[in-house]
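Student: I should like to understand how the descriptive terms applied to a model are justified. May we go through them one by one?

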Amino acid sequence: MGKDVILFVNAVRPSTFAALTTFEEETGRMFEPVIIVDKKIQHSIAERNGQKNLSRPVKVISADFNSAASVKKALAPYMDRVYAVTAQFENCITELQKLVPYFPYMPMPTESSLDWATEKKLMRQMLEAHSPSLVPGYLEVRDASADSIAKVEASVTYPVIVKPSGLEGSLLVSLAHNREELRTTLEHVFEEIQLGYDTWIKRQTPAVLVEEFMVGDMYSVDTYVSPQGVHRHTPPVKVTTGHQVGFDDFFGYAQMTPSGLSANEITKAQQTAEEACKALGLRAVTAHVELMKTAHGWKVIELGPRIGGYRHDTYMLSYGINHIVNDIRNRAGEIPHIPTELKAHTVTIKIYAPEEGILEAANGLEHVQRLKSLVFVHQLFYPGEAVAFAKNNGDPVFEICLSNSDATQFWRDVHVAENAFSFRVHLAEHALA
Amino acid sequence: MSTLVKDGSKNIAIFINDFYPELPIALEKLSKKLGRPLKGIMLIDKTAYGQGRYHPDTEHLFDEIVCDFTDPGALRATVKTFEQNLLLIDGNSERSQPYFKLVLPHVPYVLAPTESSLEWATHKGQMRALVGGYNPELVPRVRVIRDDSEATVSDILSNLELPLIVKPTGLAASILVNKVSTEAELRETLKQSFAAIHEVYARDTGRWEPEMIVEEFMEGEMYSVDLYLNQTGYSWALPLIRAKTAHSMGLEGFYEYQLETDVTLDETTIKAGQAVAAEAAHALGLRSCTAHVELYLTATGWKIIELGPRPGGWRQFLYESAYGVDHAYNGLLVKVGLEPEDLGGEPIAYSLIANTYAQDEGIIEAIDGIEEALQLLSVIDLQAHYGPGDIALPSGKGGKILADAKLSHPDKDQLLADTAKLRKHITVHTKPHVKKTK
């Protein structure tokens, strides 16, 4: 029997089916996707990671991931057929880590590297030990007390970024310019952090980091790290944060390819991503590395041992890179195919409501639906539902993807899409409370 | 061929904590095979170093790096200094496994076991659960216990059949291993074991919280086999070694009284034993290591007693003198993705290890007969590990080996005659050990 089963830990990204079909048609190889999920979070992860309306039925097997007997029993019918094991979401890495020792004869990351790559404090410790220039100054804090603030002020200088150690993206991430802002921000984060961990199905103990704010432009690179430690990089993506477009928030407002970086800077960005992967001892994974181009060189913001959000669509449209399949092939020990010739300009944009509260009206969708560059627009919230900013555990109201080989048309459509929406929100003390 | 072998820049071999004299010889052979000079480095945990819990490289044949293994940042910075040239890494002793586990995630691009497999293989309770889950026929029924309460005793008696073996989960070398045949013996042994276990764990740096396992006693003969497992799980087995326990010789304790290369088993039984050992290694997901597997040959087939992700003690001598197999060299070959070169065919000699433990508790006055024993034709080496003034304890009470002798001779009769003489020569004189009372 051949190796034809791809195991997805906890959940599968909806784009996976089309990505696999493309690969199957190109190569004649056929694969069966199978989800293996921890029983304890099966329902919540399906809800959170959009598994209830997948375009294709997928075999789901479940097990108690804390029981070797349960995991081995669940895997037994598939063990001889498994081609690769992948975790496509940040909130599935804990379960990937638990599965690693059950696949000793396949390429897999080390268990500890997955800890290091998901806990921001550990990540910074390792990055700093590998190369101090990779990361800004930081400190872990356990409360908003005067003592904690004094320790922060002794270690880093304002302005500072406050962020949970174990949450990805911009959840509960805030900027503080002075002592008073730091105190109120820490109080808020410590009030909300458990909710954030619960919402995103994170199993770690909540912790908070305060680090020096880096001034610069944000980019990301997804890097395929082979089982032998060969690093192969995708082209950089230019990231515009919510903060840059006027929100008091640091979510990734827009992700765009091409990045506009020179060949020299692309090389530097990819080298920095590679150093970050080495620092964490990653292997047999795709690493999503967020970077900041500062006046003092390239710095690492975050790293996740999985493909970046929207990156499959972005890379496929702009370069013809089948990112989801590359991730799987790389984990199986094969060489990913990474074309770099630009086919189209592509952007994904998250549109948040300008205020938090109960959404009463969201207008402008029909304008966006008419755009020539439109790939998709998803509406995640409807009138009557509560909306919140990213830093307060909220999601965007709309997600848009635009792509066009005609740069003029692309930029025209981007301008329309960014200005098309208007909202009416009934203000509430806290939308999610 | 593995990329590690082909890449001429890979020239560093790391050994964790414990140095053994066979390592530089094996590394030199590997160097000749690969056609490039190789450098050995002892990577030693700072705490183990400070407490003297490591085998030093007294002749300084390898470089030495001391680092705090509990600080991931310190390890990362240390590993960065040699990772570009790293060819292989090895943890050769049972006690180095927890340290090896801490280093593993920092060296992801060399061939090595998973972190969890090292944990599973060295925790007797987890090992039995995983091997039993893989094939229930391979292990006896077992209970893991943390106290000697009435509820614990009741649980044992209602789930297991006497006689039973009581042993700690996190200690090696048959320390605190006892057999009980009655409920009264069980209660007394549990009481004594839990009274002594904290002290023995502290002395021997036992792992995890002190706990015991109680398992059904297996009637049979004890053997061991060392395996090589490559990165895909393919295994190569060496010849079986017969282990005569003290219990089987009518003495107190379950320590290895004598290890013998002459097993007198038929080929089918040997193959079955080697296959069972490989099954156990696969049950624990072991790879890219040497595994030492202890087995019992019972009336109902081969059973697993213990398994360690490292070479067995004295095996370098036993396999080399009896079969011409360089065990350490084979282990290094597997670590770089190559096949072991010699698995031993017809024996070139008969070899054995004769161990001496204390039979009674007391203070050692003298260990006599060593000089006479060294004159025997078959005796290659004889080491006394304790001397006058040291406390002698039976193994069942936490005592360790007092003396071990290596014997080998092409003539089996000569070997057996010399072994009998050696046993007569070596005598341990003790006087009563009066414990201070508070």
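**Terms and their grounds**

Tutor: Chain A is divided into domain 1 (5–106), domain 2 (137–213) and domain 3 (345–427), where domain bounds come from an automatic or database domain assignment. This is a predicted model, in which local features need pLDDT of at least 70 and side-chain atom pairs count only at pLDDT 80 or more, while totals for chains, interfaces and linings use all residues. Residues are numbered from 1 along each chain as its sequence is written, and chains are lettered from A and ligands numbered from 1 in the order in which they are written.

Student: What separates the centres of domain 2 and domain 3 of chain A?

Tutor: Taken over C-alpha atoms, the separation is 29 Å.

Student: What makes E5 and E7 of chain A edge strands?

Tutor: The open sheet has 4 strands in the order E5-E8-E6-E7 (chain A), with antiparallel pairing. Strand E5 (138–141) and strand E7 (174–176) of chain A each pair on one side only. Strands (E, at least two residues) and helices (H or I, at least four) are DSSP runs, numbered from the N terminus. The twist averages 25° from one strand to the next.

Student: How do you know that E6 of chain A pairs with E7(A)?

Tutor: Two strands pair if DSSP finds at least two bridges between them. Strand E6 (residues 160–164) of chain A has 3 bridges to E7(A), so the criterion is met. Val160(A), for instance, stands opposite Ala176(A) in E7(A).

Student: Why is strand E19 of chain B called largely enclosed?

Tutor: A residue is buried if 20 or more other C-beta atoms lie within 10 Å of its own, exposed if 12 or fewer, and partly exposed in between, with C-beta atoms placed from the backbone. In strand E19 (residues 403–409) of chain B, 5 of the 7 residues are buried, so the rest of the structure largely encloses this strand.

Student: Which strands are joined to E19(B) by bridges?

Tutor: Strand E15 (residues 350–356) of chain B is joined to E19(B) by 7 bridges, running antiparallel; there Leu352(B) has Leu407(B) as its bridge partner. Strand E17 (residues 379–384) of chain B is joined to E19(B) by 5 bridges, also antiparallel, and Asp381(B) is partnered with Lys406(B).

Student: What makes residues of chain B count as in contact with chain A?

Tutor: Two residues are in contact if their C-beta atoms, placed from the backbone, lie within 7 Å. In this way 22 residues of chain B are in contact with 22 residues of chain A. H4(B) gives the most to the side of chain B that touches chain A, with 5 residues.

How values were computed
Axes are lines fitted to C-alpha atoms, for helices over the stretch in contact, and angles run from 0 to 180 degrees between N-to-C directions.
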